[in-house]
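Thanks for coming, everyone. I'll take a few minutes to walk through one structure. Please have a look at it first.

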Amino acid sequence: MVGLVAVRVVLADDEALLRRGLKVLLEADGRVEVVGEAADGAELVEVVLARLPDVVLVDVQMPGVDGLEAVRRLRTWATPPAIAVLTTFDLDDYVATALDLGAQGFLLKDAEPETLVRAVIDLAAGGAVLDPRITARLLPRLRGFRANRQLDSLSARERQVLELLAGGRSNHAIAEELCLSEATVKSYVSTVLTKLGVENRVQAALVAHQVGVW
């Protein structure tokens, strides 16, 4: 929902003050509307069902039903919203688990306002979002990641696609950048994932950040 219509966001964190601060920062830009808030995972699922947001930003550590369980539940839906994890420096294992469950990215809670807004917009468009300050530590914790990434096997065009993917671009944005059809970009992304031995575009983006492709 990018463009004249604001991206609809639900925030989930057990700290009301943090939620309030994030809401102010996100809505100040004018392109984002916070349509709901939750203090735990169970409430988050209910709010998402009621408000149908484009994007969910969720803390992994909350009382009762935590953020990881909420991600798992939301990702079982036929058309789940885009999900990014809000985290701190010392929760790598939680973040890795959330990514394995299908979250499309992660952000540190102290991210700059423009970084948060850009991340939300990219998520709504189908991109992946990564905070570069913790990307390098996550790869060894990701389920199914293979050490042999075969970067040399990528063609020049595939490396271009990987670079743009790592920057959070959606298939549509990559297609526009490279003057290709979305179907062609989708095929390139699939090939890149296979060659890198990763399960999804978030893991591919992590590889790109670690080895300096992006």
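**Pockets, strands and a few residues**

Let's start with the lining of the largest pocket: its residues divide into twelve nonpolar, six polar and five charged. Keep in mind that this is a predicted model. The largest pocket holds about 390 Å³ of space. In total, 23 residues line it. Those nearest its centre are Arg118, Asp122, Val129, Gly167 and Gly168.

Which helices supply at least two residues each to that lining? They are helix H5, residues 113-124, and helix H8, residues 171-178. H5 gives the most, with five residues.

Stay with Gly168 for a moment. We just met Gly168 among the residues nearest the pocket centre. Gly168 sits just after helix H7 and takes a positive phi of about 90°. H7 itself covers residues 156-166. Its buried residues are Glu158, Val161, Leu162, Leu164, Leu165 and Ala166. Note the glutamate in that list: Glu158 is buried along with the others.

Now the second largest pocket. Its volume is about 160 Å³. The lining here divides into five nonpolar, five polar and two charged residues. Among the lining residues are Arg75, Ala82, Ala103, Gln104, Leu123 and Arg201. Hold on to two of those names, Ala82 and Ala103. Both come back.

Ala103 comes back now. Ala103 lies in the loop between helix H4, residues 92-101, and strand S5, residues 106-108. Is Ala103 buried or exposed? At 3% relative accessibility, Ala103 is below the 20% cut-off, so Ala103 counts as buried. What does Ala103 touch, not counting residues up to four places away in sequence? Val71, Ile83, Val85, Ala98 and Val202. One more distance for Ala103. Arg72 is 31 residues away along the chain, yet the two C-alpha atoms are separated by 8.8 Å.

Two of those contacts, Ile83 and Val85, take us to strand S4. S4 covers residues 82-87, and six of its six residues are buried. Here is a general point. In a regular strand, side chains alternate between the two faces of the sheet. In S4, both faces are covered. One side has Ala82, Ala84 and Leu86. The other has Ile83, Val85 and Thr87. So Ala82, from the second pocket's lining, belongs to a strand that is mostly covered.

Next to S4 in the pairing is strand S3, residues 55-59. The two run parallel, joined by five bridges. For example, Leu57 has Ala84 as its bridge partner in S4. S3 tells a similar story of burial. Five of its five residues are buried, so S3 is largely enclosed by the rest of the structure. On one face are Val55, Leu57 and Asp59, and on the other Val56 and Val58. S3 also pairs with S1: four bridges join them, and they run parallel. There, Ala12 has Val58 as its bridge partner in S3.

Just past S1 we reach Asp13. Asp13 lies in the loop between strand S1, residues 7-12, and helix H1, residues 16-28. Why call Asp13 buried? Because its relative accessible area is 1%, and the cut-off is 20%. Asp13 has a list of contacts beyond its neighbours within four places in sequence: Leu18, Arg19, Ala38, Ala39, Asp59, Met62 and Lys109. Asp59 is the S3 residue we just saw.

Ala38 and Ala39 lead to our last residue, Glu43. Glu43 is in helix H2, residues 41-51. At 31% relative accessibility, Glu43 counts as partly exposed. Leaving aside neighbours within four places, Glu43 is in contact with Glu37 and Ala38. Its side chain also reaches the backbone nitrogen of Ala39, at 2.8 Å. So which residues do Asp13 and Glu43 share? Ala38 is in contact with Asp13 and with Glu43. And how far is Glu43 from Ala70 in space, C-alpha to C-alpha? 9.1 Å, with their positions 27 residues apart in sequence.

To finish, the whole protein. The secondary structure comes to ten helices and five strands. Of the 214 residues, 49% are buried. Take contacts between residues at least 6 apart in sequence: 69% of those join residues at least 24 apart. That's my walk-through. Thank you.

Methods:
Residues numbered from 1 in each chain as written. Predicted model: local features only at pLDDT ≥ 70, side-chain atom pairs only at ≥ 80, totals over all residues. Heavy atoms only, no water. Buried < 20%, exposed > 50% of the residue type's maximum accessible area, 1.4 Å probe, protein only. Contact = heavy atoms within 4.5 Å. Polar contact = N/O pair within 3.5 Å; in protein donor to acceptor, adjacent residues only side chain to side chain. 1 Å grid on protein atoms, 1.4 Å probe; cavity = no way out; pocket = protein on both sides within 12 Å on 5 of 7 lines; lining within 4 Å. Points joined across faces, edges and corners; volume = space filled by probe spheres on them. Nonpolar A, V, L, I, M, F, W, Y, C, P; charged D, E, K, R; others polar. Pairing = 2+ DSSP bridges.
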